[in-house]
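This report describes the packing, one helix, a pocket and several single residues of the structure shown below.

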Amino acid sequence: MPLRNWVQRFLMHLRGFRNYSPHTLRAYGADLEQFRRSLGDPEPAAIDRNEVRAYLAQLQARGNLGRNTVLRKVSALRAFFRFLRREGVMDQDPFCALPLPRKASRLPKFLTESEISELLAQTGPQQPSCRERDRAILELLYSSGLRRSELASLNVGDVDFVSGFVRVMGKGSRERLVPVGHAALSCLREYLRQRGPSSAKGESPLFLNSRGLRLSDAGVAFLLKGWLRRAGWLKTVTPHALRHSFATHLLNSGCDLRSVQEMLGHKSLATTQIYTHVSLEKLKEVYSRSHPRSSAPQAPNSEKGQRP
């Protein structure tokens, strides 16, 4: 079977068994298609280490790709070749002993608590139904730290208004329960009340677009842009920045790292630990509490201030 067909089978596997987001599937599909075209659609068994190394050198020589973009392409290829080996199509891993570029470490961008308050206090769209929907989305993104793809895939029945939890299907088909704050629950109730009878079905999408269909993850980003534009914000804010803000503010307020990891749905604690490096306020607080000479010296009293 040619490489093109195996790519399609691999993407179907990621969609059906690994619950990869549409965004990741599009990116992986484009990356693998680019690789396939560069090799001329050979049989998978004909691909060896030298061809993969030449392709990676070609990517880096282009000079217009960021390091993280190259690493995503590498990640897509490595996952694809692991899949081919599991399927018994290849015997050897062409990435074996191949030197790879290291990932550039970047701190996540987040909003301060006052910026979040200002953002959520905006009036939003003029149309009441859109206004209540958009407000509920922004409140829920910040309240529960969801990825936009996770939010877009929610159904009405996934929100438990009594216990205050939302059931989320995250990466790798890992299901988790995340608390939802009162402000977000209140906005969700108002939005569903305005939606009318269609919101009574638990299996119906939680958020709908203007055509009455499930709102896509791209739609979530689009409505946030509109919300910022109407508010006159010049700062770029993405839905993921609200997730970063959620994690940063929880840690700043003393929430333990493992609880934040569970709420975010991170597989590895190391992924969550990046938020401990974000807040200078938290570092300053810990330093002031811990270092013996962090405080300003007290004014000496008359006796202790005298020289011996």
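## Ser144 and its contacts

Two residues are in contact here when they have heavy atoms within 4.5 Å of each other. The model is a predicted one.

Ser144 belongs to helix α6. Is Ser144 buried or exposed? Buried means under 20% relative accessible area, and Ser144 counts as buried because its relative accessibility is 0%. Leaving out residues up to four places away in sequence, Ser144 touches Val166, Val178, Pro179, Val180, Phe246 and Met263.

One of these partners, Val180, sits in the loop between β3 and α8. With a relative accessible area of 9%, Val180 is buried. Its contacts, apart from neighbours within four places in sequence, are Leu140, Ser143, Ser144, Gly164, Phe165, Val166 and Leu185. Val180 and Leu223 are 43 residues apart along the chain, and their C-alpha atoms are separated by 21 Å.

## Nonpolar cores

Nonpolar side chains tend to be buried together in soluble globular proteins. In this model the largest nonpolar core has 46 residues, and the members that touch the most other members are Ile137, Leu140, Leu151, Leu206 and Phe207. Two or more residues of this core come from each of α5 (113–120), α6, α7 (148–152), β2 (165–169), α8 (182–195), α9, α10 (239–252) and α11 (257–264). Which element gives the largest share of this core? That element is α8, with six residues.

Leu140 is in contact with Gly145, Leu146, Leu151, Leu154, Val180, Ala184, Leu188, Leu206 and Phe207, when neighbours within four places in sequence are set aside. Another core, of 27 residues, lies apart from the largest one, and includes Trp6, Phe80, Phe81 and Met90.

## The two sides of α11

In α11, the buried residues are Leu257, Val260, Gln261, Met263 and Leu264. These residues lie on the same side of α11, because they cover an arc of only 165 degrees around the axis. An α-helix has 3.6 residues a turn, so residues three or four places apart point the same way. On the face of α11 turned away from the buried side are the exposed residues Arg258 and Glu262.

What do the buried residues of α11 pack against? They pack against α6, β3 (175–179), α10 and α12 (269–273). Met263, one of the buried residues of α11, is also among the residues touched by Ser144. Gly265, just after α11, takes a positive phi of about 80 degrees.

## The second largest pocket

The second largest pocket has a volume of about 190 Å³. Its lining is made up of Pro125, Cys130, Arg133, Asp134, Leu215, Gly219, Phe222, Leu223, Gly226, Arg229 and Arg230. By type, five of the lining residues are nonpolar, two are polar and four are charged.

Two helices, α6 (128–144) and α9 (217–231), each supply at least two residues of this lining. The largest share, six residues, comes from α9. Both α6 and α9 also give two or more residues to the largest nonpolar core.

## Loop between α8 and α9

Lys201 is located in the loop between α8 and α9. Lys201 is exposed, its relative accessible area being 52%. Val156 is 45 residues from Lys201 in sequence, and the C-alpha to C-alpha distance is 6.9 Å.

Pro197 also lies in the loop between α8 and α9. Is Pro197 buried or exposed? Pro197 counts as exposed, because its relative accessibility is 73% and exposed means over 50%. Pro197 and Gly40 are 157 residues apart in sequence, with 54 Å between them in space, C-alpha to C-alpha.

## Asn68 in α4

Asn68 is placed in helix α4 (residues 67–86). At 24% relative accessibility, Asn68 counts as partly exposed. The C-alpha atoms of Asn68 and Lys103 are separated by 6.3 Å, and the two residues are 35 residues apart along the chain.

How values were computed. Residues are numbered from 1 along each chain as its sequence is written. This is a predicted model: local features need pLDDT of at least 70, side-chain atom pairs count only at pLDDT 80 or more; totals for chains, interfaces and linings use all residues. Side-chain values use heavy atoms; hydrogens and water are left out. On a 1 Å grid over the protein atoms alone, a cavity is a set of points where a 1.4 Å probe fits but cannot get out, and a pocket is an open set with protein on both sides within 12 Å along at least five of seven lines; lining residues have an atom within 4 Å of a point. Grid points are joined across faces, edges and corners, and a volume is the space filled by probe spheres set on the points. Helices (H or I, at least four residues) and strands (E, at least two) are DSSP runs, numbered from the N terminus. Ala, Val, Leu, Ile, Met, Phe, Trp, Tyr, Cys and Pro count as nonpolar, Asp, Glu, Lys and Arg as charged, and the others, Gly among them, as polar. A nonpolar core is a set of buried Ala, Val, Leu, Ile, Met, Phe, Trp, Tyr and Cys residues joined through side-chain atoms within 4.5 Å. Buried means under 20% relative accessible area, exposed over 50%, partly exposed in between (1.4 Å probe, protein chains only). The arc is that of the directions from the helix axis to the C-beta atoms.
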